[in-house]
Structures are given as structure tokens and as C-alpha cells.
Amino acid sequence: MTDLSKPRLVDEQWGEATKLVQGGTIRSPFGETSEALFLTSGYVYNTAEEAEARFKGEDEGYIYSRFSNPTVSMFEERMKALEGAEAARATGTGMAAVTASLLCQLNAGDHVISSRALFGSCRYVVETLAPRFGIESTLVDGRDLDAWQEAIRPNTKVFFFESPANPTTEVVDIQAVCEIAHSIGARVVIDNVFATPILQKPLQLGADVVVYSATKHIDGQGRCLGGIVLSNEEFVSEFLHDFMRQTGPSISPFNAWVMLKGLETLALRVDRHVRSAELLANFLSNRKEISTVLYPGSEDHPQADICRKQMKAGGNVIAFDLKGDKATVFKFLNALKIIRISNNLGDTKSLVTHPATTTHQRLTPEARAELGISDSLVRVSVGLEDVTDLTVDIDQALTVAQQ
Ligand SMILES: *Cc1c(COP(=O)(O)O)cnc(C)c1O
């Protein structure tokens, strides 16, 4: 009889595409081709003895979907195979993953160092929420290795950063920062959303914990929120497991199922995203209406050497500065027909954002200036449409914006 409590093991020899399609599949006695959606909150036990054994941890079956569910397990197993991680816990959103990965291991009196170029809510967790519970935090320029070193205190426990960071695609040297952190016994948590699990493998570069907003490329089709924390067995059993089980930032089995199906096409989608983004970045850098183009896959990215060292390609997010003021930028955004205004990214649909007035609106003008987020900065998440149509769209909108 099929052991329904155990996802099918992944063969380490499999290539990435095979892992993405087959990894972690549990097949029920019905023999379904597609992964089953176990939309259930709880589980029944055949006997009182079985229930007792389950709660004692002597029987490995499921207990309650706040902390374990077969569909969620399949998503976790597939992500583990992709990332090369020993253990993982899926969460309801990317922010639940970030918050859980930090709060599960930090105590009052501890200190966390973070790069200052962060997704707005990540910055809130580190800068505002953590200190409310007695966790000290210091924000540094993530590109400056000396700044990380100098921010170290006797109670520093965690280093946290995104690379590339939102929205300016600023890059942190992952290996170098991991070495600094490990020299004092601190753990490194990396938010790898912009790079995607296909293009950058932080665990192989020395990170201890990787987090994703699965809402972005993993679903990648604008349907569901989700997240995941990946690390080693020790981190999950010592810190994350109990935190997740008792505080409940769990993912719905339905959303986990959508993510699981998203993973099947992730490598294909990321490949096309990257090819289009490379072409578009090149197109943008040849336009006289645009002063600077920031794309981690371009030779003229300020940290091109680090990008080349740690990323397979530059991803699908491009930031650029339009010559002119906020009014010019708004005219440009409003004139776009295919590329729509939205703060999401990693979607099949191309999306454009004005960070200064949306995602980074809450920062002070000084904090924005420090991050290079001017009123003329535009961020594009390149989708899967025909890239020719995207260039035509941008071309006509640039013309309108100059009028
Ligand atoms: C979107 C995003 C998050 C938050 O993810 P949600 O799924 O929206 O909660 C965290 N970090 C980065 C870099 C993101 O882009």
C-alpha cells in the first residue's frame, strides 16, 4: 500500500527540470497524474492509540494543517530539491516567511544587521517591529563590506539582506558577507526573491537560511500569495518548526497546490523572462530619454563582477531613470498600453512601478535619496509577452512623455 505520509524521494542525480516537475510527488491509491489537492484542515485516526502515537511523534502521519498537510509537504519537498536544502516550511505569504525566519531565532537583547536596500515590509520588520520586542537592529549599505564588519556588536546574531534588492537591483556579495557573519557565529538569512531559485543558490554560497515570496516567480501568474523558508534540519527543528506550529503563519493547501503547479514551469518561464529582460535592458540603455539603466545582467551594472560571480543571469527586473521630473514619469506610465502599472513582480504580465510614490512612499525623502530612489526612477518587471510588443509599447510611451 502507498505510504501516504511520505512524499516520494527526489533522486539527487535528477536535473533541475526533472526535480521541478516530479520532485516530492505523493500519489494516492487513485494514481492521479497531477498532484492531489488535500483541502482539509484536520485528519482522522483509526484508533485512539494511533492518535496518541501521532501526537507523541512516534507515528509520522498528519495531525493538523496548521503545521502539516500532504499538498503543502509536496510543495516543500519540491522546493527543497530545487534549492538543495535539507528542510523547509511553507508560509501564507512572503512576509510571513521573512518574519518567521527572523523572529523564530531572535530573542530580546539580540542584534540583527541588515542591508538598508530592502522591500518596504522587510524593512519594517527589521527597523520597526523587531526593536519593539527588544531586538536591536542596524541598517547598513549592503554593498560595503566594511560597513557590515563595523556594525558587528557582541550580541549580533543574524545578518539579513536581499540581493538583488528592490527596487534599484543593488547587489550584495553573498560569499563575502557570509564569511563576515560566520566569523562571529552569526547566521545569514537571504531574501532571494529577485534572483529566483533558478538563477541564484544562496545556500551554496554560504547562507544559512533562504526565504521566498512564492507570490512572485514561483506562482508567477498573479493568482496566490505564498512563501517559504528553507534551511538545514537543525535550524528547522531547533527554531522554525515550533514557531510555525504554535504561531500559525501557514499556507493554505490550495495555495500550496497552485505553487506546486507553478514550479513545474518555473525554469521555462524564468528562462524567457531573462531573455526578454536582457533585450529590453539593452533597448532602454540606447534611448536618449533614459539616463541610467540598472539591470544585474548588464555589463554596465555597477556590480557586474559580483552579479557574474553569484547569479546565472540577471533576472527579470530592470530599474531605470527617465530624464525629466515626476510629471514626465507619470505621463510615461499612463501612456503604456501593454505594460500595466502594478507593484507586483515576477508575473507573466509585464508590470511597471514608480517606487517613490508607491512601494517606497513611506520612507523619508532622505532615506529614498540614500537608496537612489529618485522621483524619476521606474521599475519594470518584464513578463512573457513578445518582447517586440514591449519595446513598441515603451517606445510610444516615451514619445508621449516628451510631449
Ligand atoms: C514581494 C516581496 C516580499 C513579500 O512577499 P509577499 O508574498 O507579498 O508577502 C518580500 N521580499 C521581497 C524582495 C519581495 O519582492
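## Ligand contacts

A polar contact here is a pair of N or O atoms within 3.5 Å. The model is predicted. In it, a backbone N or O atom of M95 lies 2.9 Å from an oxygen atom of the ligand. That distance falls within the 3.5 Å limit, so the pair counts as a polar contact.

Two side chains also reach ligand oxygen. An N or O atom in the side chain of T215 is 2.6 Å from an oxygen atom of the ligand. For K216, a polar side-chain atom lies 2.8 Å from an oxygen atom of the ligand. How much of the ligand does the protein bury? Taken alone, the ligand exposes 380 Å², and the protein buries 92% of that.

## The ligand shell

The space taken by the ligand is the second largest pocket. Two elements give two or more residues to the shell around the ligand: α4 (94-103) and α9 (215-219).

The ligand has 13 residues around it. G94, D191, S213, T215 and K216 come nearest. By class, the shell divides into 5 nonpolar, 5 polar and 3 charged residues.

## The largest cavity

Rolling a probe the size of a water molecule over the atoms shows where empty space is left. The count comes to 2 cavities of 30 Å³ or more. The largest cavity has a volume of about 100 Å³.

Its lining holds 14 residues. R66, F67, E76, A90 and S250 lie nearest the centre of the largest cavity. The elements that give two or more residues to this lining are α3 (70-83), β1 (87-91) and α10 (233-247). Which element gives the largest share? That is α10, with 3 residues. The lining of the largest cavity divides into 5 nonpolar, 5 polar and 4 charged residues.

## The second largest cavity

The second largest cavity holds about 30 Å³ of space. V193, T196, P197, Y212, S213, K216, H217 and I218 line it. Three elements each give two or more residues to this lining: α8 (196-199), β6 (209-213) and α9. The most comes from α9, with 3 residues. By class, the lining has 4 nonpolar, 3 polar and 1 charged residues.

Some names recur. S213 and K216 line the second largest cavity, and both are among the residues that come nearest the ligand. The helix α9 gives two or more residues to the ligand shell and 3 residues to the lining of the second largest cavity.

Notes. Residues numbered from 1 in each chain as written. Predicted model: local features only at pLDDT ≥ 70, side-chain atom pairs only at ≥ 80, totals over all residues. Heavy atoms only, no water. Near = heavy atom within 4 Å. Polar contact = N/O pair within 3.5 Å; in protein donor to acceptor, adjacent residues only side chain to side chain. Areas by Shrake-Rupley, 256 points an atom, 1.4 Å probe, with all protein chains shown as cover. 1 Å grid on protein atoms, 1.4 Å probe; cavity = no way out; pocket = protein on both sides within 12 Å on 5 of 7 lines; lining within 4 Å. Sits in = over half its atoms within 2 Å of the grid points. Helix = DSSP H or I, 4+ residues; strand = E, 2+ residues; numbered from the N terminus. Nonpolar A, V, L, I, M, F, W, Y, C, P; charged D, E, K, R; others polar. Points joined across faces, edges and corners; volume = space filled by probe spheres on them.
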